[in-house]
Amino acid sequence: MISVCMAVYNGEKYVREQLESILPQLAENDEVIVSDDGSSDRTLEIIREMNDPRIHIFQNTGLHGYTRNFENALLHSEGDIIFISDQDDVWMNNKVRVMTDALRGYELVIHDAAVTDASLHVTCPSHFAKMNIRPGFLRDFVRMRYSGACMAFTRDFLELALPFPSDAELCPYDNWLAFLAEYRHTANVIFRQLILYRRHGDNALTAGEYSTRPVLTRIRSRLYCLRHVIARNLARSEKR
């Protein structure tokens, strides 16, 4: 069973197009978990109008922000394989098949993306090339450039990753997932563009873009994530 976990917030402009690119790739027993962070526009109305029984909507009643909103969606998922989805991208029609195949023998898979403007005109054919992305924990530790929208992972990995570290500012969810898998040498990075990664000026996340945070803040962020990665793995080892 596949779970697609989507965090939404005032996404009425693009959410239907995104869901229409996802749903044809899913089987009847798969699910799309939508976590809403308090939308005030027609986002939820549009999703309900699609009238697809595989879509399940949950309100994020805890802490707000994209990391906690995604965490809420993940907590409600039931699939053996979990995909992350933003509300405003478009999936290529072979994404689920390619990612599911690539996940065999790994805990997490990350793919490349074609970056577009709001109208889906490609502005950069390869996000990986633009950001000089290469796999490896040390590279990831120095320069985090992955996007959660390009990730899929196993249920066992999700159980290890939850709950997310408490400080979402220092450790956003996609940094956390990538750090954890790279540290465990269980990440598979594939150089295929499997989404149109829409950048339109109102994106909630700046994942994969050049950081504007002060250097000291970035160092604190990396060390905070590393401490939690080591502690989480030690806790898993002690349970076994």
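## Salt bridges and helix faces

D101 has a relative accessible area of 35%, so D101 counts as partly exposed (buried is under 20%, exposed over 50%, partly exposed in between; 1.4 Å probe, protein chains only). This is a predicted model, in which local features need pLDDT of at least 70 and side-chain atom pairs pLDDT 80 or more, while totals for chains, interfaces and linings use all residues. Residues count from 1 along each chain as its sequence is written, and side-chain values use heavy atoms, without hydrogens and water.

**Salt bridges**

- Let's start with the total: the structure holds nine salt bridges (a side-chain nitrogen of Lys or Arg within 4 Å of a carboxyl oxygen of Asp or Glu).
- D101 is joined to R104 by a salt bridge, with 3.3 Å between the closest N and O atoms.
- R104, at 63% relative accessibility, counts as exposed.
- Another salt bridge joins D52 and R54, at 2.9 Å from N to O.
- D52 and R54 are both buried.
- R42 and E49 also meet through their side chains, in a salt bridge of 3.1 Å, N to O.
- R42 has 34% relative accessibility and is therefore partly exposed.
- E49 is partly exposed as well, with a relative accessible area of 42%.
- R42 and E49 belong to a network of salt bridges that also links R16 and E45.

**Helix 1**

- Helix 1 covers residues 15–22 (helices are DSSP runs of H or I, at least four residues; strands are runs of E, at least two; both are numbered from the N terminus).
- In helix 1, the buried residues are V15, Q18, L19, S21 and I22.
- Looking down the axis of helix 1, you find these buried residues within an arc of 160 degrees (taken from the directions from the axis to the C-beta atoms), so they line one face of the helix.
- The cover over them (contact means heavy atoms within 4.5 Å) includes strand 1 (2–8), strand 2 (31–36) and helix 2 (43–49).
- Strand 3 (55–59), strand 4 (81–85) and strand 5 (90–91) are also part of that cover.

**Helix 4**

- Helix 4 spans residues 95–102, and K95, V96, V98, M99 and A102 are buried there.
- Down the axis of helix 4, its buried residues fall within an arc of 165 degrees, so they line one face of the helix.
- Among the elements that the buried residues of helix 4 pack against are strand 1, strand 4 and strand 5.
- Those buried residues of helix 4 also pack against strand 6 (108–116), strand 8 (151–154) and strand 9 (187–198).
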